[in-house]
Amino acid sequence: MRGLISVVLAHAGFKVTAVATGAEGIAAAADPAIALVTLDLGLPDMDGHVVAQAIGNLTTAPLLFLTARSEEDDVLAGMASGAAGYLTKPFHPRELKELAGQLCPAAAASGEPHLPGKSHC
């Protein structure tokens, strides 16, 4: 999934940095050039909400959850964790491209860095 998301966002104009764990995502989010963060709630090392809060303390880049958790409570909790957007799996690549472009239009056009979540973070 990480690879697919990376390809979709790269084709949308983002420079993509993909990581596999929450800890790696938090470290990567400290980069001031980060324009958009994608994050899965189901991470191998820590809770995605904890990662979202830590990333929110490091960057003002919009946070986009990409997760299989689709219940209303999950979406509300994700938004409360600081998400600017929430996309549930499975999704079409076009949906990801469009939402990323809406959240960060300048980065998509300029190729600024992007940090994917679990399936990357």
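**Exercise 1. The overall layout**

Count the helices and strands of the protein, and give their order along the chain.

*Solution.* Start with the count: the protein has six helices and five strands. Keep in mind that this is a predicted model. Next, walk from the N terminus and write down each element as you meet it; the order is α-β-α-β-α-β-α-β-α-α-β. Then look at how the chain is covered: of the 121 residues, 45% count as buried. The exposed surface comes to about 5600 Å², with carbon and sulfur atoms supplying 55% of it. Finally, turn to the contacts between residues at least 6 apart in sequence: 67% of them join residues at least 24 apart.

**Exercise 2. The buried sides of two helices**

Find which residues are buried in α1 and in α3, and work out where they sit around each helix axis.

*Solution.* A general point helps here: an α-helix has 3.6 residues a turn, so residues three or four places apart point the same way.

Step one is α1, which spans residues 2–11 and has I5, S6, V8 and L9 buried. They cover an arc of only 165° around the axis, which puts them on the same side of α1. After this helix comes G13, with a positive phi near 105°.

Step two is α3, residues 48–56, where G48, H49, V51, A52 and I55 are buried. Down the axis of α3 these buried residues fall within an arc of 160°, so they line one face of the helix. Their packing partners are α2 (22–28), β2 (37–39), β3 (63–67) and α4 (72–80).

Step three is the start of α3. D47 caps its N-terminal end, with a side-chain oxygen 2.8 Å from the backbone nitrogen of H49.

**Exercise 3. The nonpolar cores**

Locate the largest nonpolar core and say which elements give two or more residues to it.

*Solution.* The largest nonpolar core has 15 residues, and those with the most contacts inside it are F14, L64, L66, L87 and L96. Two or more residues come from each of α1, β3 and α5 (93–103). A second, separate core holds 14 residues, among them A29, A52, A61 and Y86.

Now zoom in on L87. Setting aside residues up to four places away in sequence, L87 touches L64, F65, L66, T67, E95, L96 and L99.

**Exercise 4. β3 beside β4**

Which residues form the aromatic pair, and why is the pair called tilted?

*Solution.* There is one aromatic pair to find. The ring centres of F65 and Y86 are 5.9 Å apart and their planes meet at 55°, so the pair is tilted. F65 belongs to strand β3 and Y86 to strand β4, so the pair ties together parts that are 21 residues apart in sequence. Check the burial next: F65 is buried, with a relative accessible area of 0%, and Y86 is buried at 14%.

Two further residues fill in this part of the picture. T67 lies in strand β3 and counts as buried at 1% relative accessibility. Leaving out residues up to four places away in sequence, T67 touches D40, L41, Y86, L87, T88 and K89.

G85 lies in strand β4 and is buried, with a relative accessible area of 5%. From G85 to L64 the C-alpha distance is 4.7 Å, although they are 21 residues apart in sequence. Apart from neighbours within four places in sequence, G85 is in contact with L63, L64, F65, M79 and L103.

**Exercise 5. From the cis bond into α5**

Find the cis peptide bond, then decide whether R94 is buried or exposed.

*Solution.* First, the background: most residues other than glycine have a negative phi, and most peptide bonds are trans. In this model a cis peptide bond joins K89 and P90, with omega about -5°. P90 sits in the loop between β4 (85–88) and α5.

Move on into α5, where R94 lies. Exposed means over 50% relative accessible area; R94 has 52% and is therefore exposed. To finish, connect R94 back to α1: the C-alpha atoms of R94 and V8 are separated by 8.1 Å, with their positions 86 residues apart along the chain.

Conventions. Residues are numbered from 1 along each chain as its sequence is written. This is a predicted model: local features need pLDDT of at least 70, side-chain atom pairs count only at pLDDT 80 or more; totals for chains, interfaces and linings use all residues. Side-chain values use heavy atoms; hydrogens and water are left out. Buried means under 20% relative accessible area, exposed over 50%, partly exposed in between (1.4 Å probe, protein chains only). Helices (H or I, at least four residues) and strands (E, at least two) are DSSP runs, numbered from the N terminus. The arc is that of the directions from the helix axis to the C-beta atoms. Contact means heavy atoms within 4.5 Å. A polar contact is a pair of N or O atoms within 3.5 Å; within protein, one must be able to donate a hydrogen and the other to accept it, and residues adjacent in sequence count only if both atoms are side-chain atoms. A nonpolar core is a set of buried Ala, Val, Leu, Ile, Met, Phe, Trp, Tyr and Cys residues joined through side-chain atoms within 4.5 Å. Rings of Phe, Tyr and Trp (its six-membered ring) pair if their centres lie within 6.5 Å; planes under 30 degrees apart count as stacked, over 60 as edge-to-face and the rest as tilted. Accessible areas come from the Shrake-Rupley method with a 1.4 Å probe; for residues, only the protein chains shown count as cover.
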